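Please find below a colleague's note on the structure under review. The remarks are arranged as numbered points and are best read beside the coordinates.

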Amino acid sequence: MKRLLPASLFGRMMLVLSSGLILAQLLSASINFAERDRAVLRNSGMQSAQRIADVVKLLDSMPHQERLRIAKILSVPPQVVDLEPSPIKTTAAAMRSAQTMMFSQALHSALGDERPLIVSASANPSEAIGFSDMHRRPLPGMASMAAYMSGMTQASRSSMQAFMAEKLGFLIQVQLHDGSWVAFTTQLHQGAQAPPWHLLLTLLVLLASVLFLSFVAVRWMTRPLAVLASAAESLGEDIHRPPLPEAGPAEVRRAAHAFNTMQAQLIRFITDRTRIFSAMSHDLKTPITRMRLRAELLDDDDVRARFEKDLLEMEQMVKYTLDFMRGLDQPQHIQPIDIMSLLESLQADAEEMGRVVQIQGRTNKPFVGDPARIKRCLANLLDNAVLYGERALIVVDDSATSLTLRIQDQGPGIPEEELEKVFEPFYRLGLGLGIARDIARAAGGRLTLQNRRDGGMEAILELPHSPA
């Protein structure tokens, strides 16, 4: 179910609103069409009932012979009039459906009395008027109907048949005051008609207008959330980004103000911490230098080597701490970087210190990133490799989408359970590796460590060619 839902808040709000609007329009349209059909049937039935009542009153006031002449005159399709001595038996159901009940009530109301009458109805007009199974002779009016239709052109006859098919056939029999019966065959609209195009078009225009307004309103309401999310993402890359504008609705202004306050507090916290640690790291350089000078005066070579190793680690920690603190306070400067020139520069620096660094492979194009941060990342990885592995090999693998640098050493490696712990600050020079991983992540890449099968450690730095 979750896969079917849109991922964004905007998409989910539009789905809820559009589904509700479409459902409401469909229900409204169905109610309107049903009410319209009932109104058409009611109106048509009242008009027919009034005409039949007028004919019945007219025939009641005339002698029998005059009735026959008037009945023939009034018998004009689609309403046929015939005089009968007794009710006609038909195959259609009498007085059962809602249409027959309503039509009977309309007739009684129009006649103004409760004289006997029989109303039969069927969706097939031939059943209502006795065509299918007549126990008597066919109504004379039916012959008039057939003669009337036989004289039409084919187009007119087709139109009449279609007109009759859309209607409900009725056979109405009313008893006159002298005991004889008059039979009427007529048709009324069944009610279930095709909806008019102009009404459908009106509903579609209304639906489209409401959906468009909903789209604008939802976009207007969710846009501040998108801006806030973008600001939160960019805050991790640049703590000194411009503050959010505190404008819009009250809730948006409060959220923007809270975000700006948080950003200002973070800047103050990082600035204070950077100042303290920078001062502490800088002050540590002096005693470390004195200790190095004193270690050189030791006569025992083994003890002197151990002191120098410990002092070297302390110097590296101080250096990494200063680099880390300076890096937190500096924004990124994105530009093309010649990675091969950068690696050769680091190789030359390492050789001056008596370290062995080799390069294998070449890049195909410049890498876009922050030169200072990329250099710091690679320098930290190389320092870690030569410190614990004596020598380093940089394998360059440049593809169309990413740049991969593998820094391999020949050291003892690291237990598998400690591969992630070394990225923690001050865990076996973890501060340098932690800085390198932070730089890789800021560039949209990643840094992982793994032990090599033939011995040693391998640091894999993967950087995408498109800047994060």
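The points below concern a predicted model and take up salt bridges, a cavity, a surface patch and two further residues.

1. Status of the model. The structure is a prediction, and local features are discussed where pLDDT is at least 70. Side-chain atom pairs are counted at pLDDT 80 or more.

2. Salt bridges overall. How many salt bridges does the model contain? The count comes to 11. Three of these pairs are taken up in the points that follow.

3. A pair within one helix. Arginine 306 is bridged to aspartate 302, with 3.3 Å between the closest N and O atoms. Both residues belong to helix H9, which spans residues 301-328, and they stand four residues apart, or about one turn of the helix. Arginine 306 has a relative accessible area of 55% and is classed as exposed because the cut-off for that class is over 50%. Aspartate 302, at 43%, counts as partly exposed.

4. A pair between a loop and a helix. A second salt bridge joins the side chains of glutamate 420 and arginine 437, at 2.9 Å from N to O. Glutamate 420 is located in the loop between S9 and helix H12 (430-442), whereas arginine 437 is in helix H12 itself, so the contact ties together parts that are 17 residues apart in sequence. Is arginine 437 buried or exposed? Its relative accessibility is 10%, and arginine 437 therefore counts as buried, the limit being under 20%.

5. A pair between two strands. The side chains of arginine 446 and glutamate 462 also meet in a salt bridge, with an N to O distance of 2.8 Å. This pair links distant parts of the chain, since arginine 446 is in strand S10 (residues 446-451) and glutamate 462 is in strand S11, 16 residues apart. Glutamate 462 is partly exposed, at 24% relative accessibility.

6. The second largest cavity. The model holds two cavities of 30 Å³ or more. The second largest of them encloses about 50 Å³ of space. Which elements each supply at least two residues of its lining? They are helix H11 (371-389), strand S9 (402-409) and strand S11 (457-464). Among the lining residues are Leu381, Ile407, Leu433, Leu449 and Met457, together with Asn384, Asp409 and Glu458. By class, the lining divides into seven nonpolar residues, one polar residue and two charged residues.

7. A nonpolar surface patch. Phe212, Leu213, Phe215 and Val216 make up a nonpolar patch on the surface, and their accessible area together is about 400 Å². One of these residues, phenylalanine 212, is placed in helix H7 (residues 197-235). The relative accessible area of phenylalanine 212 is 54%, which means that this residue falls in the exposed class, set at over 50%.

8. Glutamate 308. This residue is also found in helix H9. Glutamate 308 has a relative accessible area of 30% and is partly exposed. Its C-alpha atom is separated by 9.0 Å from that of methionine 291, the two residues being 17 residues apart along the chain.

9. Leucine 176. The loop between strand S3 (167-175) and strand S4 (181-189) contains leucine 176. With a relative accessible area of 4%, leucine 176 is buried. Leucine 176 and leucine 59 are 117 residues apart in sequence, whereas their C-alpha atoms are 7.9 Å apart in space.

Note on methods. Residues are numbered from 1 along each chain as its sequence is written. Side-chain values use heavy atoms; hydrogens and water are left out. Patches are made of residues with over 30% relative accessible area and no salt bridge: like charges are joined within 9 Å, nonpolar side chains (Val, Leu, Ile, Met, Phe, Trp, Tyr) within 5 Å. Accessible areas come from the Shrake-Rupley method with a 1.4 Å probe; for residues, only the protein chains shown count as cover. A salt bridge is a side-chain nitrogen of Lys or Arg within 4 Å of a carboxyl oxygen of Asp or Glu. Buried means under 20% relative accessible area, exposed over 50%, partly exposed in between (1.4 Å probe, protein chains only). On a 1 Å grid over the protein atoms alone, a cavity is a set of points where a 1.4 Å probe fits but cannot get out, and a pocket is an open set with protein on both sides within 12 Å along at least five of seven lines; lining residues have an atom within 4 Å of a point. Grid points are joined across faces, edges and corners, and a volume is the space filled by probe spheres set on the points. Ala, Val, Leu, Ile, Met, Phe, Trp, Tyr, Cys and Pro count as nonpolar, Asp, Glu, Lys and Arg as charged, and the others, Gly among them, as polar.
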